[in-house]
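Visitor: Please take a close look at one part of this model for me: the aromatic rings and what sits around them. Then place that in the wider arrangement of chains.

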6 protein chains.
Amino acid sequence: MRIGGRKNDQIRPVKLTRNYTKYAEGSVLIEVGDTKIICNASIEDKVPPFLKGSGEGWITAEYNMLPRSTHTRKPRDISKLKIDGRTMEIQRLIGRALRSVVDLKALGEKTIWIDCDVMQADGGTRTASISGAFVALVDAINRLHKEQSFKVFPIRSFVGAISVGIVNNEKILDLCYEEDSKAKVDMNVIMTDKGEFIELQGTGEESPFSRRELDELLTLGEKGVKQVIQAQKDVLKIDCLWIGTGGE
Amino acid sequence: MRIGGRKNDQIRPVKLTRNYTKYAEGSVLIEVGDTKIICNASIEDKVPPFLKGSGEGWITAEYNMLPRSTHTRKPRDISKLKIDGRTMEIQRLIGRALRSVVDLKALGEKTIWIDCDVMQADGGTRTASISGAFVALVDAINRLHKEQSFKVFPIRSFVGAISVGIVNNEKILDLCYEEDSKAKVDMNVIMTDKGEFIELQGTGEESPFSRRELDELLTLGEKGVKQVIQAQKDVLKIDCLWIGTGGE
Amino acid sequence: MRIGGRKNDQIRPVKLTRNYTKYAEGSVLIEVGDTKIICNASIEDKVPPFLKGSGEGWITAEYNMLPRSTHTRKPRDISKLKIDGRTMEIQRLIGRALRSVVDLKALGEKTIWIDCDVMQADGGTRTASISGAFVALVDAINRLHKEQSFKVFPIRSFVGAISVGIVNNEKILDLCYEEDSKAKVDMNVIMTDKGEFIELQGTGEESPFSRRELDELLTLGEKGVKQVIQAQKDVLKIDCLWIGTGGE
Amino acid sequence: MRIGGRKNDQIRPVKLTRNYTKYAEGSVLIEVGDTKIICNASIEDKVPPFLKGSGEGWITAEYNMLPRSTHTRKPRDISKLKIDGRTMEIQRLIGRALRSVVDLKALGEKTIWIDCDVMQADGGTRTASISGAFVALVDAINRLHKEQSFKVFPIRSFVGAISVGIVNNEKILDLCYEEDSKAKVDMNVIMTDKGEFIELQGTGEESPFSRRELDELLTLGEKGVKQVIQAQKDVLKIDCLWIGTGGE
Amino acid sequence: MRIGGRKNDQIRPVKLTRNYTKYAEGSVLIEVGDTKIICNASIEDKVPPFLKGSGEGWITAEYNMLPRSTHTRKPRDISKLKIDGRTMEIQRLIGRALRSVVDLKALGEKTIWIDCDVMQADGGTRTASISGAFVALVDAINRLHKEQSFKVFPIRSFVGAISVGIVNNEKILDLCYEEDSKAKVDMNVIMTDKGEFIELQGTGEESPFSRRELDELLTLGEKGVKQVIQAQKDVLKIDCLWIGTGGE
Amino acid sequence: MRIGGRKNDQIRPVKLTRNYTKYAEGSVLIEVGDTKIICNASIEDKVPPFLKGSGEGWITAEYNMLPRSTHTRKPRDISKLKIDGRTMEIQRLIGRALRSVVDLKALGEKTIWIDCDVMQADGGTRTASISGAFVALVDAINRLHKEQSFKVFPIRSFVGAISVGIVNNEKILDLCYEEDSKAKVDMNVIMTDKGEFIELQGTGEESPFSRRELDELLTLGEKGVKQVIQAQKDVLKIDCLWIGTGGE
């Protein structure tokens with residue numbers, strides 16, 4: 001039996017709170033069980049040097065854990081003058097995942113900064129960051145849309161993410177911290193609402209996995225992402241009409 | 001008339017939420033109007049090199065603004081490899097203020113890390129950090145007290161803080177961001193519940209101030225800190241009995 | 001038709017040169033087409049702080065591109081005081097992949113440093129680094145084995161890696177730089193000689209991919225890794241007998 | 001009795017030497033007892049980005065202690081790649097204090113860099129830095145004045161600074177190092193020649209202080225600053241006529 | 001008798017391999033005995049700020065040892081966030097030596113980056129870097145010459161370098177690592193093919209040396225550099241005709 | 001005619017002031033013409049890791065220019081988080097030069113830190129640093145000698161340094177800044193009082209030099225260093241008796 005009595009193919013409750021802080025163009029608190037992350041999207045009217053004059057925009061992400069988001073206090077990166085390797089890996093993943101569903105030409109020469117600050121970490125922070133950041137991104141782009149009315153709405157699909165893994169020889173969905181620390185195989189599945197993969201990262205540092213196990217994990221992951229994307233649709237439904245109208 | 005209809009000697013509503021996150025030994029969300037700061041206190045079983053073997057403990061603070069806690073996005077310190085001077089100044093102030101009411105000998109060889117992460121900044125973040133961090137500190141030390149029962153309770157007094165300033169020739173209490181940006185004189189008042197000063201920082205960068213004006217500002221500040229400390233007492237009342245008993 | 005007339009499921013020639021430099025305990029030059037990487041393994045008689053006294057060893061990797069390993073000169077990390085995010089991601093991947101086939105308890109309290117320095121980059125440097133570093137690791141551990149005779153030989157399996165991707169709607173194996181820069185989907189497949197997966201990283205930043213496409217890519221990848229591992233076996237054959245004997 | 005036989009309300013001898021080094025536009029050695037600081041003012045014909053095109057100038061300060069200005073050698077900041085927090089705090093204070101008496105619009109788009117390098121530290125280096133830097137600033141601006149004749153002379157008032165504190169229950173003026181290290185309360189008073197406050201920083205880290213004690217300290221401070229400013233007037237008198245003429 | 005049976009005035013075999021990597025405009029592997037260094041020259045179409053608009057070009061060098069180019073692994077500079085002092089010293093020397101034979105006006109507003117990456121270090125890496133980098137520089141400038149035909153060929157002379165030293169009271173030429181580590185006096189001699197000195201660095205950290213000893217060392221050095229330059233001429237002979245024609 | 005009417009073989013007045021600051025074990029102000037450098041020697045009762053337990057001491061030097069020691073303000077290293085290459089080169093040179101005349105075994109397990117802070121730079125700061133630092137070193141070691149009475153006095157010889165160069169085809173001694181900036185050849189000569197060389201660094205970045213020119217420069221240098229060492233002997237004469245007694 002899993003912690004909290006969950007079934008192997010069951011995700012933790014996903015709660016998305018929009019307009020969580022007041023200054024960001026998009027601001028979302030995502031809670032997946034006890035994992036809590038503030039996802040802010042900020043619009044800046046310029047692009048990195050390599051895109052100047054290209055007509056294209058950019059999306060970049062930064063991820064950070066508050067020092068006491070974990071069991072023991074994690075020193076801030078600045079105290080060591082180095083970004084932690086894991087942090088670097090995660091923020092690159094968040095950036096790629098969001099860029100993959102955005103039409104950067106349609107966005108035009110703007111940068112959208114995604115800031116994912118983990119307030120409380122109980123497993124799955126990288127996938128929750130993507131799922132929450134997507135909603136913040138939609139809010140930020142919708143705000144732009146109201147001001148300047150895009151011809152082509154710059155977001156092509158929903159994107160959601162979830163983790164899967166093998167713990168005690170069981171394939172399970174949405175690992176909490178305790179499960180994650182015992183997992184032999186650990187995989188992050190990032191998909192669109194059309195059921196396609198955006199990114200797939202599976203690691204068997206503790207033990208290699210077979211193609212058959214991979215298949216089972218993917219099936220679990222697909223199931224989990226669907227529910228995450230449903231939660232995104234639910235919370236965006238009320239004031240976000242572009243999906244059904246001429247937005248896209 | 002002030003923003004929101006406040007009187008010159010009126011502070012914004014102060015809301016303190018304890019046990020805000022689940023891992024820290026003390027975790028408090030302080031809200032002063034729209035200023036929102038997560039204050040976590042973490043206990044570590046060692047001290048900095050200069051105190052090893054001394055039998056004394058240490059309290060140190062780190063302050064940080066989330067990138068989008070302000071109107072425009074503020075890049076993270078790590079992206080420039082430098083701690084912002086203002087940040088440095090504030091975290092040193094928070095550390096000094098809390099150490100001044102703690103008996104470091106009674107605490108013993110432990111370090112308490114205070115992390116103040118500003119989620120939303122609307123003026124007064126350095127004073128709110130101190131006021132909120134004090135409650136987190138009490139919770140952390142009480143937890144230690146339950147485990148090891150201090151002979152002398154290591155906290156000597158409450159400490160609260162508030163800002164005062166001169167805006168449009170009016171002396172006002174607890175400046176919000178918009179007031180702060182127009183202030184000619186700006187002062188931070190940090191006091192104990194016994195009405196004594198812990199630290200006083202007054203700056204007239206825009207215009208010098210007279211001793212008479214200073215006196216009026218101090219009187220305003222004393223009034224404000226009293227209310228802040230009352231809010232601390234209220235929120236700590238229920239499960240914190242050491243004040244009235246043999247705690248101290 | 002692919003560059004150089006390769007078929008979609010054909011890898012470039014893999015050449016492994018052992019004892020490439022004279023000081024490292026294991027030193028291998030791997031050439032995969034025009035990609036050339038020096039992979040050195042160095043043994044150090046201590047472990048990182050988190051393993052002290054545990055009886056377990058550690059394997060860690062560093063990856064670096066010589067400034068002119070690419071078409072235009074890439075400034076050194078030290079000139080910006082920051083490790084490039086991509087570099088960080090890759091060196092973490094190399095470390096995980098090698099640790100996954102090593103019995104760190106059997107190794108004992110030693111650190112093996114893997115240094116992968118790219119002399120010339122023509123696509124697939126992260127997978128070639130893993131494939132080459134594995135051979136350097138075997139040489140380094142064999143040298144230890146000669147000195148101290150392990151009871152359990154610390155390497156459990158071969159590990160090889162290759163990239164696959166979708167370019168012009170074709171699924172292809174072992175992308176060179178020019179193919180990689182046009183790829184819609186890009187995947188790195190890391191496997192053991194027993195046909196199990198160690199790590200899988202697939203990214204559809206340019207375009208999402210379906211489960212069916214994923215399956216085809218995995219099949220291609222399995223084919224490629226098999227050939228890479230055969231090349232490792234060939235070059236190690238002569239003086240590395242542990243595989244067939246009581247080494248494992 | 002104080003060290004050297006001083007009375008509680010007596011400052012140490014203040015010696016200001018102008019044109020101390022030959023390249024800086026303003027160069028002053030200030031000696032307050034055994035505290036010796038080189039204060040240089042350098043004029044640069046550009047402003048920081050946030051002032052470009054504003055027509056306003058800027059004044060910024062850097063403070064540094066030579067490694068052996070203190071009893072034991074203090075490693076240079078560069079060896080740790082971090083500016084010391086105390087240094088940061090002090091240089092921000094010096095910059096604010098000087099800006100507060102300068103009409104930055106009248107100065108025009110120039111930056112004046114103030115460098116305070118402590119050769120020998122015997123208490124009160126932050127206040128002595130301000131007092132000495134002011135004289136260097138006057139010399140630098142006078143030199144500009146000779147070249148371009150300001151319509152409005154950019155300096156509005158003299159600014160001087162001194163420390164006060166409570167040591168062994170005595171309120172004393174201008175603490176030397178030995179007194180400072182025993183002080184229960186420590187305050188820096190920065191004032192104009194018109195008797196107004198520019199900045200006030202009082203810290204009771206060792207023990208809180210009452211409003212009455214604060215009043216006594218302020219009275220002492222006012223007395224001390226007056227003497228410092230007299231020393232500034234004396235040294236500037238001979239070749240600096242703008243005070244009495246149309247300079248201001 | 002010297003290691004390998006060399007005579008005191010004998011250099012190790014010098015082997016220069018051109019076009020060692022495929023992207024750099026000039027790419028040379030230099031081997032001097034067991035010392036092996038990759039020397040790449042890269043052309044960039046801009047100059048550092050201090051030369052913008054001057055019509056002059058620039059040559060700058062970076063030197064780096066691969067971590068396992070030495071007996072024990074040397075951590076990368078980036079892991080300490082600091083360039084090693086010795087590295088800094090060497091790369092400045094390489095840059096000065098090459099600039100001294102180049103007509104920077106004739107080169108025009110271009111920067112040539114010289115990267116010397118030491119694969120294997122067995123003494124004399126700084127002099128070998130200069131000798132190898134010169135050949136890479138010639139190749140890079142010849143490539144430019146083919147594209148744009150310089151009026152004045154920008155290279156004025158050959159430049160070669162060798163070390164000399166005093167070991168066991170013997171003056172010897174071209175010290176290998178083992179000799180270098182026992183040397184009382186160590187000198188680097190950098191000269192043109194016209195027999196003039198470009199740079200001379202002699203150090204008697206272990207023991208001072210007399211003017212007479214200096215003279216003998218210089219004579220040895222002259223002999224060694226001549227042979228190095230002959231090796232450069234030999235390897236460049238085939239496809240580099242500018243020396244005898246109107247190139248210069 | 002040279003600036004100030006000097007002859008080609010004439011050095012500027014050398015003035016050495018001992019006990020310049022009060023905390024350092026040795027503290028010297030050296031003035032060579034308008035070049036002014038504070039040279040402090042600090043004794044520390046430990047050695048770097050590579051000497052622990054060896055019984056040997058260490059001498060290390062740091063060199064720094066105050067920001068306004070030069071015509072235009074030079075930003076501090078810490079503002080760029082990088083030590084300037086030239087600074088690195090110079091401080092390594094100072095350290096080597098002093099170590100070469102010290103018997104590190106006789107010194108025992110202590111580190112002597114040499115800090116050379118340039119207050120005013122008018123050419124020849126690296127040689128003046130060595131000449132001044134030597135006197136500070138003698139004072140520091142003499143102080144140790146009084147406390148613990150060395151069996152073998154740890155200093156073997158005097159060491160002095162001077163620059164020579166070729167300006168307008170004239171070989172000249174002790175270049176001031178203006179001469180240095182026009183020099184075709186520039187050489188630093190570091191010698192003992194016994195007329196032996198400690199280090200020799202000659203650079204012909206602007207133009208190569210012949211062996212004959214080198215000889216003339218060395219003769220000039222020898223003459224200059226003699227006078228520098230005489231100045232050291234003069235200033236140390238009064239209270240430094242070890243030279244004539246059993247000190248050495």
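Guide: Start with a charge over a ring. In this predicted model, the charged end of D:Lys233 lies over the ring of D:Phe158, at 5.2 Å from the ring centre. Chain A has its own example: the charged end of A:Lys233 is placed over the ring of A:Phe158, and the distance to the centre is 5.2 Å.

Now ring against ring. Two rings pair if their centres lie within 6.5 Å. By this rule there are 21 aromatic pairs over all chains. Take A:Phe150 and A:Phe153. Their ring centres are 6.5 Å apart and their planes stand at 85°, so this pair is edge-to-face. Planes over 60 degrees apart earn that label. Both A:Phe150 and A:Phe153 are buried.

Chain F offers another pair. F:Phe50 and F:Trp58 are also edge-to-face, with 5.2 Å from centre to centre and 85° between the planes. Here F:Phe50 is exposed: its relative accessible area is 56%, and the exposed class begins over 50%.

Next, the wider arrangement. Chain F superposes on chain D by a rotation of 180°, with 0.0 Å of shift along the axis and an RMSD of 0.0 Å. The two copies are therefore related as by a two-fold rotation axis. Which residue of chain F comes closest to the rotation axis? That is F:Ile78, with its C-alpha at 2.5 Å. The interfaces agree as well. Of the interface residues of chain F, 100% are also interface residues in chain D, so the copies meet through the same surface.

Notes: Residues are numbered from 1 along each chain as its sequence is written. Chains are lettered from A and ligands numbered from 1 in the order in which they are written. This is a predicted model: local features need pLDDT of at least 70, side-chain atom pairs count only at pLDDT 80 or more; totals for chains, interfaces and linings use all residues. Side-chain values use heavy atoms; hydrogens and water are left out. Rings of Phe, Tyr and Trp (its six-membered ring) pair if their centres lie within 6.5 Å; planes under 30 degrees apart count as stacked, over 60 as edge-to-face and the rest as tilted. Buried means under 20% relative accessible area, exposed over 50%, partly exposed in between (1.4 Å probe, protein chains only). A charge sits over a ring if NZ of Lys or CZ of Arg is within 6 Å of the ring centre and within 35 degrees of the ring normal. Copies are superposed by least squares on the C-alpha atoms of residues with pLDDT of at least 70 in both. Contact means heavy atoms within 4.5 Å.
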